[in-house]
Amino acid sequence: MTCARDCRIDIYDENHELLPSLTQKVSENQITLSGVNNEGQRTATINVVLVKGQTYSFAFWAQDKDYTAYRFNETTATVSIEYGQTANNKNADAFFAKINDYTVTGSFEQNVTLKRPFAQVNFLTTDYD
């Protein structure tokens, strides 16, 4: 199985302004798969240089790179959805995480677990029988 995820991390300053030079995108070859038939957890390591004493916020987003219904807005750290596409699709899955207002006190390592952001799934049909 190929991991077809588009993964990214966006970093914001203490005023929650995007720092585009620190944005990281994770390519497929940087992702490690584990579990039965590589269907389990996906992990990646991201390295970034930050300034000690500065406060940052982080937004993480991952989705299937071929599923285009979701649009991540880097500036506002929000996701919009184009509802005209099929939701009953395994590629429609997405994952996110955020860390707000982290002040750097020195070198650090942080494990972040991305979770599914969708609390509701609507099923639509034109067949009323």
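**Arg-8 and the cores around it**

Modeller: Arg-8 is buried, at a relative accessible area of 11%. This is a predicted model, where local features need pLDDT of at least 70 and side-chain atom pairs pLDDT 80 or more, while totals for chains, interfaces and linings use all residues. Residues are numbered from 1 along each chain as its sequence is written, and side-chain values use heavy atoms, without hydrogens or water.

Colleague: Why is Arg-8 called buried?

Modeller: Buried means under 20% relative accessible area, exposed over 50% and partly exposed in between, using a 1.4 Å probe and protein chains only. Arg-8 gets the label because its relative accessible area is 11%.

Colleague: Which side chain has a polar contact of 3.3 Å with that of Arg-8?

Modeller: A polar contact is a pair of N or O atoms within 3.5 Å; within protein, one must be able to donate a hydrogen and the other to accept it, and residues adjacent in sequence count only if both atoms are side-chain atoms. Arg-8 pairs with Asp-10 through side chains at 2.8 Å. The 3.3 Å partner is Glu-74.

Colleague: Which element gives the most to the largest nonpolar core?

Modeller: A nonpolar core is a set of buried Ala, Val, Leu, Ile, Met, Phe, Trp, Tyr and Cys residues joined through side-chain atoms within 4.5 Å. The largest one has 10 residues, including Ile-9, Phe-58 and Phe-60. Strands (DSSP runs of at least two residues, numbered from the N terminus) E1, E5 (55-64) and E8 (94-103) each give two or more. With 3 residues, the top contributor is E5.

Methods. Helix = DSSP H or I, 4+ residues; strand = E, 2+ residues; numbered from the N terminus.
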